[in-house]
Every structure is written in C-alpha cells, then in structure tokens.
Amino acid sequence: QVQLVESGGGLVQPGESLRLSCAASGTILPIYFMTWYRQAPGKEREMVAQTSRRATNYARSVKGRFTISRDYDRETADLLMTDLKPDDTAIYYCNYWASWGRGTQVTVSS
C-alpha cells in the first residue's frame, strides 16, 4: 500500500506562487503517473497535472502556469504553481494508482 502526504498549501494573493509537495512511501514505479488533482467547493475533482517517465500532462486551465516535477530517487512529486488566480482555490490531492493523500488547501484571495 502506497502512502501519500501532501504539504505546502496556504493562503496567497492573486499573481503569487506556491509550491506543493507530495511525499510517497511504498513501491512507486517510475513508468506510472503521479498525479495532482484538485477539488473546489461544489465542483468535481479534476486532474491538474501528472508525470511519469513516459509523459507529462497538464489541464488546459493551468498549462503555462503550473509545473510538475518528480524526484524518482526520493519518490516525491512537486507542483510549482505560478500566477495563481482565485479560480485555483481548491483542496489539492496527490494520487498514485488507487492511493490518495489527504489533501492540502490552497486559497487564492486578495
């Protein structure tokens, strides 16, 4: 069973940046995606960014502003979020296969 722990959320103003981190314990295979999802109040959970040895994908709404990176030795996946907007406010979750972290809150507000 893979355990995932997110960190790095917080309250920021529009236009600012934030870095989220996901630390995994257990067997993580590099060919499979580690994925960041988010869920805003009243909305469905959506994929934000994902990466593996084979590919990296982004949601259209964050492409060019968010960057996902992965350390295959430390088994971590970071999400650098820049030019944050109020619409980015959500709980951000790390995912690997059927495993989910508990999430970290990101609030973008002036």
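**Exercise 1. The nonpolar core**

Which residues touch the most other members of the largest nonpolar core?

Solution. The structure is a predicted model, and its largest nonpolar core has 27 residues. Within this set, Met 34, Trp 36, Leu 79, Met 81 and Tyr 92 are the residues that touch the most other members. The next step is to ask where the core draws its residues from: the elements that give two or more residues to this core are β3 (18-25), β4 (34-39), β5, β7 (66-71), β8 (76-81), β9 (90-96) and β11. As a general background, nonpolar side chains in soluble globular proteins tend to be buried together.

**Exercise 2. The fold as a whole**

Determine the secondary structure of the protein, and then work out why the protein counts as being as compact as a globular protein of its length.

Solution. Begin with the elements, which come to 0 helices and 11 strands, so that, read from the N terminus, the order is β-β-β-β-β-β-β-β-β-β-β. The radius of gyration is 13 Å, and because this is close to the 13 Å that the globule rule gives for 110 residues, the protein is as compact as a globular protein of that length. The C-alpha trace, taken along its principal axes, spans about 40 × 25 × 25 Å. As for contacts between residues at least 6 apart in sequence, 51% of them join residues at least 24 apart.

**Exercise 3. Surface and charge**

Describe how the protein divides between buried residues and exposed area, and how its charged side chains are placed.

Solution. Of the 110 residues, 39% are buried. The protein exposes about 6,200 Å², and carbon and sulfur atoms supply 47% of that area. Turning to charge, there are 13 positive and 11 negative side chains, and the centres of these two sets lie 4 Å apart.

**Exercise 4. Two serines**

Is Ser 52 buried or exposed, and is Ser 110 buried or exposed?

Solution. First locate Ser 52, which sits in the loop between β5 (46-51) and β6 (56-58). Its relative accessibility is 7%, and because buried means under 20%, Ser 52 counts as buried. Leaving aside residues up to four places away in sequence, Ser 52 touches Pro 30, Ile 31, Tyr 32, Phe 33, Arg 70 and Tyr 72.

Next take Ser 110, whose place is in the segment after β11 (104-108). Its relative accessible area is 83%, and because exposed means over 50%, Ser 110 is exposed. Finally, Arg 70, one of the residues that Ser 52 touches, offers a reference point for Ser 110: the two lie 40 residues apart along the chain, and their C-alpha atoms are separated by 31 Å.

Note on methods: Residues numbered from 1 in each chain as written. Predicted model: local features only at pLDDT ≥ 70, side-chain atom pairs only at ≥ 80, totals over all residues. Heavy atoms only, no water. Helix = DSSP H or I, 4+ residues; strand = E, 2+ residues; numbered from the N terminus. Buried < 20%, exposed > 50% of the residue type's maximum accessible area, 1.4 Å probe, protein only. Contact = heavy atoms within 4.5 Å. Rg over C-alpha atoms; globule rule 2.2 N^0.38 Å. Areas by Shrake-Rupley, 256 points an atom, 1.4 Å probe, with all protein chains shown as cover. Lys, Arg positive; Asp, Glu negative; His and termini not counted. Charge placed at Lys NZ, Arg CZ, Asp CG, Glu CD. Core = buried A, V, L, I, M, F, W, Y, C linked by side-chain atoms within 4.5 Å.
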